[in-house]
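Visitor: I am new to this structure. Please take me through one part of it closely, the place where the two chains meet.

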Amino acid sequence: MHTNSKVAPTLSRRQVIAATGAGTLAALIASLFPMSASADPGDVKKWLTAFSPGTPKSGKVTIGAPDIAENGNVVPITLTVDSPMTEQDYVKSIVMAADGNPLPGVVRADLSPANGKAEVQFRMRLAQTQTVTAVALMSDGSLWTASKLIKVTIGGCGG
Amino acid sequence: MAIQNVASRLLVPSMAKKGDIIEIKTIIMHPMYSGFTKDQNGKTIPREIINTFTVSYNGKQVFKMELQPSISSNPFISFFVKADQSGSFEFTWVDDNGDVYKNQAQITVT
């Protein structure tokens, strides 16, 4: 890095960052979630069981999400459940929770045979690297679950 | 406090064959204040999010989503619906303030 002050531009790096708004943006992102606040695993379980009482089996549910989310503010999530979505066998609802956010709940979607396909997409906030869990309640009362670890590099330079 | 300039956009196919499973994409411009953010003066911005999103197809509810503060601002939501008759989709977003935002789209099923 250059340290020669004679050829340095009149604007300091700090001013340039402030002027472009990158600094304020980074501060805003950092202030979105205080790092100390995160739901403990008990809260996640409590939130999930409030909507879907019982012990879910692993399978049928797929969480589509990036392994590494560069911007924790907007992480695209696709929840897919393996179901024929007929009157006899369909997905009633899908619930999702995150263990590293200040509040465990993320979303609950209610579906019916009218959907034809059990797939929902949305974008969520992730305060830090954490595991997200989704539970699907089927029409026959069975519960299925899946979890995924998503690494977050808020305001970082990737990796 | 009511949020200003809330607008929504939809992506719904205008035509479909009977029995087709169509994808519907929606987005609404809303800041989704989580209750954990602070303004420039360090004051906490009170929580105000869209908490419920419902879709009805010719008057019958086909999709409902309950949102929590973990959902990003300007919430984008997409889902699928089986097209079985011509008619309209009605989209409703409700936020913590009790404000209701609506939008609709027409579809022709052949």
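Guide: Start with chain B, read along its sequence: the pattern is β-β-β-β-β-β-β-β. That makes eight strands and zero helices. Keep in mind that this is a predicted model. For chain B the mean pLDDT is 92. In that chain, 99% of the residues reach 70 or more. For the complex, the predictor gives an ipTM of 0.90 and a pTM of 0.79.

Now the outline of chain B. Its C-alpha atoms fill a box of roughly 55 × 20 × 20 Å along the principal axes. The chain has 110 residues, and 30% of them count as buried. Take the contacts in chain B with a separation of 6 or more: 59% of these link residues 24 or more positions apart.

Next, the contact between the chains. Chain A brings 29 residues to it, and chain B brings 24. On the side of chain A that touches chain B, three elements give two or more residues: α2 (22–32), β6 (105–110) and β7 (119–124). By class, that side of chain A has 15 nonpolar, eight polar and six charged residues.

Two of those elements, β6(A) and β7(A), lead us across to chain B. Take β6(A) to begin with. Four bridges join β6(A) to strand β5 of chain B, residues 60–67. The two strands run antiparallel. Look at the pairs. A:Ala109 stands opposite B:Met65. A:Arg108 stands opposite B:Glu66.

Pause at B:Glu66, which is found in strand β5 of chain B. Is B:Glu66 buried or exposed? It falls in between: B:Glu66 is partly exposed, because 19 other C-beta atoms lie within 10 Å, and a buried residue needs 20 or more. Leave aside its neighbours within four places in sequence. B:Glu66 is then in contact with A:Val107 and A:Arg108 in chain A, and with B:Asn51 and B:Thr52 in chain B. Compare B:Gln104, 38 residues apart from B:Glu66 along the chain. The C-alpha atoms of B:Glu66 and B:Gln104 are separated by 19 Å.

Back to β6(A). Five of its six residues are buried, so β6(A) is largely enclosed by the rest of the structure. It also has a partner within chain A. β5(A) and β6(A) pair in the antiparallel sense over five bridges. A hairpin joins β5(A) to β6(A) through six residues. In this pairing, A:Met96 stands opposite A:Val107. Recall A:Val107: it is one of the residues in contact with B:Glu66.

A:Met96 also takes us into the core. The largest nonpolar core has 59 residues. Within it, A:Ile94, A:Met96, A:Ala134 and A:Ala136 touch the most other members. Strand β5 of chain A, residues 91–98, gives the most to this core, with six residues. In soluble globular proteins, nonpolar side chains tend to be buried together. Look at A:Ile94, again without its neighbours within four places in sequence. A:Ile94 is in contact with A:Leu79, A:Val81, A:Ala109, A:Val120, A:Ala134 and A:Ala136. A:Ala109 has come up before, opposite B:Met65.

Now turn to β7(A), the other strand to follow. It belongs to an open sheet of six strands, in the order β2(A)-β4(A)-β7(A)-β6(B)-β3(B)-β1(B). The pairing is antiparallel. The edge strands are β2 (61–64) of chain A and β1 (8–11) of chain B, and each pairs on one side only. From one strand to the next, the twist averages 15°. Strands of a sheet pair through backbone hydrogen bonds, either parallel or antiparallel.

Within chain A, β7(A) pairs with strand β4, residues 75–81, in the antiparallel sense over six bridges. A:Thr78 stands opposite A:Gln121 there. The bridge partner of A:Ile77 is A:Phe122. Across to chain B, two bridges join β7(A) to strand β6, residues 76–82, and these strands run antiparallel. Here A:Phe122 stands opposite B:Ile77.

So what does A:Phe122 face in β6(B)? It faces B:Ile77, while in chain A its bridge partner is A:Ile77. To retrace the route: β6(A) is joined to β5 of chain B by four bridges, and β7(A) is joined to β6 of chain B by two.

Technical notes
Residues numbered from 1 in each chain as written. Chains lettered and ligands numbered in written order. Predicted model: local features only at pLDDT ≥ 70, side-chain atom pairs only at ≥ 80, totals over all residues. Buried ≥ 20, exposed ≤ 12 C-beta atoms within 10 Å, placed from the backbone. Contact = placed C-beta atoms within 7 Å. Core = buried A, V, L, I, M, F, W, Y, C linked by C-beta atoms within 7 Å. Nonpolar A, V, L, I, M, F, W, Y, C, P; charged D, E, K, R; others polar. Pairing = 2+ DSSP bridges. pLDDT = per-residue confidence, 0-100. Axes fitted to C-alpha atoms, helices over the stretch in contact; angles between N-to-C directions.
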